[in-house]
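Here are some notes to read alongside the structure. Please keep the sequence and the 3D view open as you go through the points.

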Amino acid sequence: EDGVTTATYTVTMNIPLNNDTTLKTFTIDGNDVADGDTVSVEFGTTEVEVVVETNDVNASFVLTGGTDLVAGENTVTVVVTAEDGETTQEYNVTVVVLPNTDASLATFQVNGVDVVDGDVLDLEYGVTEVEVVAVATDAENATVEVSGNTDLVSGENTLTVTVTAADGESTAVYTVTLNVAFNSDTSLATFQVNGNDVADGDVVDLEHYTTSVEVSVETTDPDATFEVSGAEDLTVGENLLIVSVTAADGSGQDYVVTLNVPLGNNVELSTFTVGGN
C-alpha cells in the first residue's frame, strides 16, 4: 500500500503439444478415401497420385505405397505422427489393379501358316490332324484352349481356339475351317465278269447265244460310287461293258471291257417238212 514495497508471483502454465493425428485431406487420383477403403484402378496401372494433408499443420506423416503397383491388391499406407511426437495413427487403403481383360492372340498358326479368325485352310486328302500354335498376347496370365485339330475327316472341319483373359471372364473365340479334300481314288478293288478277274481294255470271249453276264465290282475307296452298263441284252459280236466310277471328290474314270459273243453254231432244224409231212 505504501506504493514502494513489491512482490512478484509466477505460475507456469504447461500447455501440452497437440496430439491430433486426423487428416484434412486424403485422396487417391483425386478421389476422397478413408482408412479401410478399397480403390480399383485399370489393368496396367503402376502408380497412383496420393494427396495427404493433416488437420494439424505441425503433425507429420510418412506415405508408403502408391508406386510400383502390380496386378491385384496393393496397400497405400499413411502413418501420421502428432505434434507431441508420440501419438500416431495409421491409415490404410487397398488399391486393386484390375486383371487384364485382353483375350487376343499374338500368334495363331496352323501347320506353320499364319491364320486369323474366319480363315479357310485347304488340306490334302487323308490329313487327320494339324499342328496349331496359339499364343495369347497376355501369355503369362491368359489361358488358351484348342479343339478340333485332330480326328479330321474329308470335308469341312472346324478348328476352335478359345482364349480366356486373366480376369477369368473376358473370352474370345477364334475359328478356322479346315477343308480336307475328298479322295480322288477311282481304282477298283474287284472287277470280275462271270467270276473271272478282268481289267480295263480286256476282251472276254463268251459262249454262243450269251445275252447277259454277271459283273462284280468293288471300289477301293468305299466312298466312291459306280455304275455298270452293257452287261445285258448282248448281241452277236462285240459288246462294250462299261463300269463308270465316280470318286469321292467327283472325279471319274471308265473301265471298258469288250464282251465278244460269237456267231451262232446251232445247225439243228426246229421244223423240217416235205409236202406237209
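1. In which loop is Asn111 found? In this predicted model, Asn111 is in the loop between strand E8, residues 105-110, and strand E9, residues 113-114. Although Asn111 is not a glycine, its phi is positive, at about 55°. With a relative accessible area of 40%, Asn111 counts as partly exposed, because that class covers values between the 20% limit for buried and the 50% limit for exposed.

2. Asp68 also deserves a look, since this residue is not a glycine and yet has a positive phi of about 55°. Asp68 sits in the loop that lies between strand E5, residues 60-64, and strand E6, residues 72-81. The relative accessible area of Asp68 is 69%, so this residue is classed as exposed, the cut-off being over 50%.

3. Turning to the whole chain, the secondary structure consists of 21 strands and 0 helices. Among the contacts with a separation of 6 or more, 55% are between residues that are 24 or more positions apart.

4. For the overall dimensions, the C-alpha atoms fill a box of roughly 205 × 35 × 25 Å along the principal axes. The radius of gyration of the protein chain is 48 Å, whereas a compact globule of 277 residues would have a value near 19 Å.

5. Finally, on the surface, the protein chain exposes about 17500 Å², of which carbon and sulfur atoms supply 45%. Of the 277 residues in the protein chain, 30% are buried.

Note on methods: Residues are numbered from 1 along each chain as its sequence is written. This is a predicted model: local features need pLDDT of at least 70, side-chain atom pairs count only at pLDDT 80 or more; totals for chains, interfaces and linings use all residues. Side-chain values use heavy atoms; hydrogens and water are left out. Helices (H or I, at least four residues) and strands (E, at least two) are DSSP runs, numbered from the N terminus. Buried means under 20% relative accessible area, exposed over 50%, partly exposed in between (1.4 Å probe, protein chains only). The radius of gyration is taken over C-alpha atoms; the globule rule is 2.2 Å times the number of residues to the power 0.38. Contact means heavy atoms within 4.5 Å. Accessible areas come from the Shrake-Rupley method with a 1.4 Å probe; for residues, only the protein chains shown count as cover.
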